[in-house]
Each structure stands twice: as structure tokens, then as C-alpha cells.
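Here are my notes on the model you passed along. Have a look at it first, then read on.

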Amino acid sequence: MATSQQIRNGYVDYVLTHDEKPKSVYTFAKKLKISEGEFYQFFGSFESIEKTIWVDFTIETIYTIQQQEVWSQYSSRDKMLAFFYSYVEALKRQRSFVIYTLKAHKQLSTPPVLSGVKPIFEDFATNIINEGLESGELADRKFLSKRYKDALWVQFAFIINFWITDDSDGFEKTDEAIERGINVTFDLFQRSPLDNLFEYGKFLSRNGKLQEKMRYKS
């Protein structure tokens with residue numbers, strides 16, 4: 001009786017050996033000595049295998065870092081840094097397959113293979129952002145706060161693309177890209193002199209009549 005893991009392992013081995021998908025589910029199932037029916041019990045297509053593997057990378061990384069004793073003590077910035085450092089470590093174990101799944105995608109939109117990852121990541125990022133907003137670590141800006149998760153998804157795509165082309169020893173340049181990218185992003189999420197200036201401008205606009213009275217009295 002076939003298992004999900006057996007099919008996944010067989011698929012990964014096939015595409016890395018042949019640098020292409022199997023011609024059909026029939027020929028692939030025959031190679032694994034299982035029936036088409038057994039294949040379809042677990043996956044609807046070859047693409048669904050790839051999506052499932054990416055989803056598992058993401059879920060396992062989130063679960064692992066959240067089990068760390070220090071997790072609850074981390075700031076929102078540190079939690080996101082921990083995610084990306086751990087995520088890249090997880091991807092290293094199947095780097096060749098990761099590169100294979102992304103190499104054909106040259107558009108700026110989200111690669112189809114990551115369609116299952118995006119909602120999981122965005123939910124994770126939203127929880128971290130909300131914690132930061134509640135603690136005051138992050139600036140609660142009208143309309144913009146809801147877009148913070150979009151900025152982090154952009155960082156997700158950038159870091160993955162950077163890593164698959166990184167040829168530095170131990171992928172140390174990727175570690176630097178993570179640190180710089182996340183720190184810059186969270187710097188933008190935090191309050192700045194511009195926020196104070198904006199708040200002051202709103203104060204002046206709300207108290208315009210008071211200013212006029214004061215000017216007349218002087």
C-alpha cells in the first residue's frame with residue numbers, strides 16, 4: 001500500500017534525476033509499482049505534491065520556532081528573524097528540489113507553487129504584527145498597519161530568491177540579507193520623527209479655530 005511520503009520521495013527523486021516532471025501519473029505510478037488510484041488518494045496532480053512540500057516546510061518551521069522556550073520573550077522583530085533563519089535552514093535540506101520548483105517562474109507575481117504558503121505565512125506574520133502593535137513596538141498607522149504583512153511577504157519572496165542564487169560559503173550572504181532586510185522593514189514599522197510630525201499636523205488641523213482666536217487676541 002502506497003503512502004504519501006513514498007509518493008513524495010519518489011517524485012522528488014524523479015524530477016531531480018530527469019530535471020522534468022514525469023510524463024504522466026500512469027507512468028510515474030508504474031515506476032513506483034503502485035496504481036493510479038493509490039496516487040490520487042493522496043495527490044490530485046504533480047503540482048499538488050510540490051505545493052504540499054512547500055506548505056510542510058512552512059508549517060514545520062513555524063511549529064519548531066514556537067516551541068522554543070525563548071519564543072515568548074522575543075520581540076516581533078526577533079520572531080520574524082527567527083522564522084527566516086530557521087526557514088532557510090529547512091530549505092537547505094532539499095535545496096536542489098527548491099530550486100527546481102522555482103526555476104521556471106520568471107514573473108513578479110507569487111509563484112504558483114507558493115500559493116499554499118502565502119496564506120499560512122500571512123496569518124503567522126499578522127499575529128506577530130498584532131503583538132507588536134499591542135505592545136507599542138510597532139506604530140499603529142491608519143490604513144498602513146494592515147499592509148505590514150504585505151511588506152513582509154515581499155521580504156519572503158526576496159529572501160527566497162536571494163538564497164537560491166547565493167553561492168557564498170554557508171550561505172552567509174543570505175543570513176546578512178535576512179538581517180538587513182527584516183531590520184529595515186521593522187524600522188519602517190516603528191514610530192519615527194515623521195509620525196510625530198504627522199500627529200502634530202493633525203493636531204493643528206483639528207485646532208485651527210483655536211489658532212485663529214489666539215492670533216486675533218495677540
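The points below go from the core out to the surface.

1. Ground rules: this is a predicted model, so local features need pLDDT of at least 70 and side-chain atom pairs count only at pLDDT 80 or more, while totals for chains, interfaces and linings use all residues. Residues are numbered from 1 along each chain as its sequence is written, and side-chain values use heavy atoms, with hydrogens and water left out.

2. The core. The largest nonpolar core (buried Ala, Val, Leu, Ile, Met, Phe, Trp, Tyr and Cys residues joined through side-chain atoms within 4.5 Å) has 55 residues. Trp54, Met80, Phe83 and Phe156 have the most contacts inside it. H5 gives the largest share of this core, eight residues.

3. Two Phe residues with positive phi. Phi is near 75 degrees at Phe143 and near 55 degrees at Phe171. Phe143 lies in the loop between H7 and H8, and Phe171 in the loop between H8 and H9. Phe143 counts as exposed (over 50% relative accessible area, 1.4 Å probe, protein chains only) because its relative accessibility is 65%. Phe171 is buried (under 20%), with a relative accessible area of 19%.

4. The acidic patch. Asp167, Asp169, Glu172, Asp175 and Glu179 form a surface patch of negative charge; patch members have over 30% relative accessible area and no salt bridge (Lys or Arg side-chain nitrogen within 4 Å of an Asp or Glu carboxyl oxygen), with like charges joined within 9 Å. Asp169 sits in the loop between H8 and H9, and at 67% relative accessibility Asp169 is exposed.

Notes: Patches are made of residues with over 30% relative accessible area and no salt bridge: like charges are joined within 9 Å, nonpolar side chains (Val, Leu, Ile, Met, Phe, Trp, Tyr) within 5 Å. Accessible areas come from the Shrake-Rupley method with a 1.4 Å probe; for residues, only the protein chains shown count as cover. Lys and Arg count as positive and Asp and Glu as negative; His and the chain ends are not counted. The place of a charge is taken as NZ of Lys, CZ of Arg, CG of Asp or CD of Glu. Helices (H or I, at least four residues) and strands (E, at least two) are DSSP runs, numbered from the N terminus.
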